[in-house]
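Work through these exercises with the model open beside you. Try each task before reading its solution.

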Amino acid sequence: LAIRDLSALRHHEQDHRDFAAAVQELNLLVTEAEGDVRGYHITTDEQFREDYLRSKQRADDALAVLGEHPTGGSDDSVSELVRLTHRRFELLDEALDLRDEQGMDAVAEFIRGEPSTLTNQVRILADAVIEESAARADTEARSADRRAAFAGGAVLAASVAAFGLLLWIALLNRRRARQARDAEAALRHRFGAFAQAMPSASFSVFADYTIVDWNAAATNAFGVDPAAAIGADLRYLIPGDPGVRIVAALDEARSTGAAVDLELVVRPEGGPQVDLEGVAFPILGAEGPMMGAVLRDLTALHEVQRAEEATRGIMRLVVETSVEAIITVNRRGRILLFNPAAERYLRIPATEAVGRDLLEFIAGGDRAAVREALAGVRRGGTASSEAPQLRIRARAFDGSEFPAEANVASLGDAGEATAAVTLRDLSDQERWERSLTEARLQAEAANLAKSQFLSRMSHELRTPMNVILGYSQLLELDEQATQEQKDSVGHIHKAGRHLLALIDEVLDLSRVEGGELSLSLEPVLLAELANESVAMIRPLAAANQVRFETDSDSCQYMVMADKQRIKQVLINLLSNAIKYNVPQGSVDLSCTHAGDGTVRLLVRDTGPGLSEAQQARIFQPFERLGAEFSPVPGTGLGLALCKRLVEAMSGRIGVTSEVGRGSTFWVDLPEAEDTFEPGPQSAPRAVLSPLSRGSIANVLYIEDNLSNFRVIEEVARRIGNIRLIPAMQGGLGLDLARESQPDLVLLDLDLPDMPGTEVLQALRGDPRTGSVPVVVITADASARQEERLLDAGAAAYLTKPVDLSALRATFARFLEEPA
Ligand code: ADP
């Protein structure tokens with residue numbers, strides 16, 4: 001357009017016109033050539049190089065014409081213009097090659113240097129040349145158009161320069177545009193990756209709801225994959241209410257130009273419900289998608305919230321229905337929460353209790369402890385598992401007090417409440433504990449009474465036994481008795497001894513219970529023990545129609561035991577095995593060597609057997625396991641005593657049993673280390689041979705029981721040379737002793753007027769009787785008692801029922817003259 005304008009300029013002076021046109025033409029050609037070079041720079045298209053060479057050729061022609069022009073500007077300026085133009089072409093040639101050799105950056109650098117200065121110089125010079133020419137033409141033609149021509153020239157030059165510049169900029173812009181396009185592509189790429197990786201569902205749509213983007217989370221949330229979604233119409237893709245709401249939100253976002261909150265519940269086909277929450281937003285100033293949405297999947301969160309809500313509900317219910325008072329307090333101990341149980345116990349409605357000091361509800365004496373516990377919780381934040389537990393007295397609002405267990409637990413720093421205090425009413429428990437203690441005391445008292453009763457009973461029983469055993473022994477010695485009579489008396493004697501043993505057992509248990517039991521451990525041959533025990537128990541077996549089998553050969557072991565006590569144990573086990581058996585059943589006694597230094601005695605029966613539960617209880621005192629309702633006599637003490645005795649001998653006792661098949665009771669005892677020669681099987685019969693002395697001995701017998709007196713009297717008579725003086729009371733005995741100065745005093749301890757021990761003391765203390773030996777005869781067989789009496793001055797100690805040989809030996813000791 002500029003060129004055309006240029007050519008349309010009217011010049012008065014044809015020469016000048018031609019000259020100016022030539023200058024313009026030249027400039028145009030140079031500019032064209034420069035454009036070609038730039039084109040080549042940017043595209044390296046060979047076509048540009050060819051165009052350049054052609055422009056250059058034409059410029060050369062134009063330069064030649066300019067040099068010859070007759071009416072041009074001054075020679076100097078024209079030739080300078082020619083020179084500069086040549087230089088420009090040189091530089092353009094150089095720039096062209098530079099692109100090939102060193103690339104675009106080097107070219108840009110190069111062009112900013114000399115070529116741009118040169119372009120300015122050419123422009124200024126061209127202006128000057130044209131002005132010169134115009135001045136000349138003006139002078140010559142003085143045309144009104146001269147100024148216009150000049151101006152036109154200037155415009156022309158400026159236009160030409162601007163055009164070059166524009167072209168340059170356009171080409172640079174093309175490069176920048178490509179860079180921008182690349183950057184945009186990278187951005188899109190990056191954004192796409194973000195969108196795909198985003199845990200929230202996101203999508204965007206054109207204004208007509210055609211879906212453009214659809215990320216992986218959207219695929220999950222709506223159950224529609226990108227292949228189906230992208231390009232589809234959103235309005236038809238998501239059915240029902242969720243679809244309607246999304247579209248409404250997108251519409252609103254577009255029309256208001258602002259983000260719109262969106263909450264949805266969708267149920268993708270075949271899947272569980274999904275809760276979504278997010279925003280729909282407009283995409284402003286874009287040519288592509290117009291609206292988008294981002295929706296977070298809150299299903300899991302909502303589930304957690306629902307669970308929490310449920311838990312809170314349960315907690316509330318627990319607190320409301322708890323039988324324990326639950327109270328929470330703030331840092332200062334002021335009540336914040338007060339549950340219904342607290343209202344009941346402390347007799348104040350929650351509305352009135354809240355805000356009060358917790359300590360108002362604690363009895364005076366316990367406040368310090370509760371205050372301390374609260375302070376401890378504040379300091380240490382005690383975990384509820386190790387919360388301090390206090391037994392306190394709580395104080396209801398009406399002033400009444402009750403015992404309670406208080407737990408003080410920290411609630412942490414979560415809220416205003418810092419501690420939870422629970423109170424459990426212990427009134428019932430305390431009542432129950434009290435009644436329990438009372439019951440225990442009663443039971444203990446009853447037990448004590450029973451022990452005393454048993455002790456007393458056995459003592460009372462021993463006295464008649466004295467007579468039975470005494471006379472039976474005497475009858476056995478009777479020369480006139482027939483063999484048959486002697487045998488019968490022998491049975492009476494044996495049974496009497498057994499009865500005595502049983503009495504001793506009762507006494508023993510009361511002693512064991514009282515913790516006073518003395519044992520004398522010695523090596524005992526089990527075979528002998530077994531034979532003796534079986535001999536004693538055989539009649540019982542016969543009476544019960546139970547067969548007895550003893551494997552005494554297996555019992556050739558020595559154990560450390562108290563012979564009497566272990567015999568007692570064995571007899572007890574054997575008699576149980578017979579008593580709790582079946583008719584025609586059998587009992588088996590044997591021994592085994594355990595190999596670890598213990599020997600085991602086994603008593604096996606074919607009785608009803610014992611369940612596990614029964615086995616667990618069988619060694620408890622007074623436990624009869626239902627036998628109390630059967631005709632089988634018993635006390636339930638036997639096994640309890642056996643266990644204590646065996647354990648006192650460092651042994652063990654136990655049972656294995658099978659219901660319906662019988663039981664096996666076993667006793668383990670430590671094996672004796674040294675061998676032991678068994679003594680004679682039974683003591684020799686008492687021989688009441690006369691005492692060797694010339695005179696009759698006076699023996700004072702202080703005894704209130706006539707039967708006992710008779711037995712001793714008979715023994716004395718048979719021995720001969722003894723006069724027995726009876727004294728039925730202690731006081732009388734003392735008088736008689738002082739008067740008659742007896743050779744020996746026999747003293748019973750259980751006297752009606754005074755204790756025998758006092759009589760002994762008086763005898764020893766009186767110079768008239770101090771030298772008379774005193775032999776104590778008592779039913780109290782304990783070793784401790786014997787020791788005490790010997791210390792008190794008794795010369796000897798005999799137990800009832802009196803063994804006749806022992807009595808004979810005692811008489812001999814104190815009454816016989818030394819040989
Ligand atoms: P007692 O025989 O006086 O009842 P024990 O202490 O000896 O007392 O025994 C306790 C209870 O154990 C018996 O009442 C009986 O029920 C049960 N018992 C003992 N020995 C046997 C046994 N060999 N077989 C079955 N039950 C037995």
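**Exercise 1. Describe the protein as a whole.**

Task: In this predicted model, find what share of the 819 residues is buried, and how many helices and strands there are.

Solution.
- Step 1. Take burial. Buried residues make up 43% of the 819 residues.
- Step 2. Count the elements. The secondary structure comes to 26 helices and 22 strands.
- Step 3. Look at the contacts. Take those between residues at least 6 apart in sequence: 61% of them join residues at least 24 apart.
- Step 4. Turn to the surface. The accessible surface is about 43500 Å². Carbon and sulfur atoms account for 53% of it.

**Exercise 2. Place N330 and E320.**

Task: Decide whether N330 is buried or exposed, and do the same for E320.

Solution.
- Step 1. Locate N330. Its place is the loop between β6 (325-329) and β7 (335-338).
- Step 2. Apply the cut-off. N330 has 7% relative accessibility, and buried means under 20%, so N330 counts as buried.
- Step 3. List its partners. Leaving aside neighbours within four places in sequence, N330 is in contact with L336, E416, A417 and T418.
- Step 4. Locate E320. This residue lies in helix α12 (residues 299-321).
- Step 5. Apply the cut-offs again. E320 has a relative accessible area of 43%, between 20% and 50%, so it is partly exposed.
- Step 6. Add a distance. E320 and A341 are 21 residues apart in sequence, yet their C-alpha atoms are 7.6 Å apart in space.

**Exercise 3. Examine helix α15.**

Task: Find the span of α15 (residues 367-380) and say what its buried residues pack against.

Solution.
- Step 1. Check the span. α15 has 14 residues and reaches 20 Å from its first C-alpha to its last, close to the 20 Å expected.
- Step 2. Pick out the buried residues. They are V370, A373, L374, A375 and V377.
- Step 3. Find what they touch. The buried residues of α15 pack against four strands: β6, β8 (389-395), β9 (401-410) and β10 (419-425).

**Exercise 4. Follow helix α18.**

Task: Find where α18 bends and which of its residues are buried.

Solution.
- Step 1. Set the limits. α18 covers residues 526-543, 18 in number. Its end-to-end reach of 26 Å is close to the 26 Å expected.
- Step 2. Find the bend. α18 turns by about 45° at I537. A proline, P539, follows within four residues.
- Step 3. List the buried residues. They are L526, A527, E528, L529, A530, E532, S533, V534, I537 and A541. I537 thus appears both at the bend and among the buried residues.
- Step 4. Find the packing partners. Among them are β11 (522-525), α19 (563-579) and β15 (598-605).
- Step 5. Step past the end. Just after α18, Q545 takes a positive phi of about 55°.

**Exercise 5. Map the ligand site.**

Task: Find how many residues surround the ligand and which element supplies the largest share of the shell.

Solution.
- Step 1. Count the shell. It holds 19 residues, and the closest are Y580, D605, R624, T635 and L639.
- Step 2. Assign elements. α19, α21 (638-648) and β17 (662-670) each supply at least two residues. The largest share, three residues, comes from α19.
- Step 3. Trace the polar pairs. A ligand oxygen is 2.8 Å from a backbone N or O atom of L639. One is 3.3 Å from a polar backbone atom of G638. One is 3.2 Å from an N or O atom in the side chain of K579.
- Step 4. Work out the cover. Alone, the ligand exposes 530 Å², and the protein buries 96% of that.

Conventions. Residues are numbered from 1 along each chain as its sequence is written. This is a predicted model: local features need pLDDT of at least 70, side-chain atom pairs count only at pLDDT 80 or more; totals for chains, interfaces and linings use all residues. Side-chain values use heavy atoms; hydrogens and water are left out. The expected span of a helix is 1.5 Å times one less than its number of residues. The bend at a residue is the angle between axes fitted to the seven residues ending there and the seven starting there. Buried means under 20% relative accessible area, exposed over 50%, partly exposed in between (1.4 Å probe, protein chains only). Contact means heavy atoms within 4.5 Å. A residue is near a molecule or strand if one of its heavy atoms lies within 4 Å of it. A polar contact is a pair of N or O atoms within 3.5 Å; within protein, one must be able to donate a hydrogen and the other to accept it, and residues adjacent in sequence count only if both atoms are side-chain atoms. Accessible areas come from the Shrake-Rupley method with a 1.4 Å probe; for residues, only the protein chains shown count as cover.
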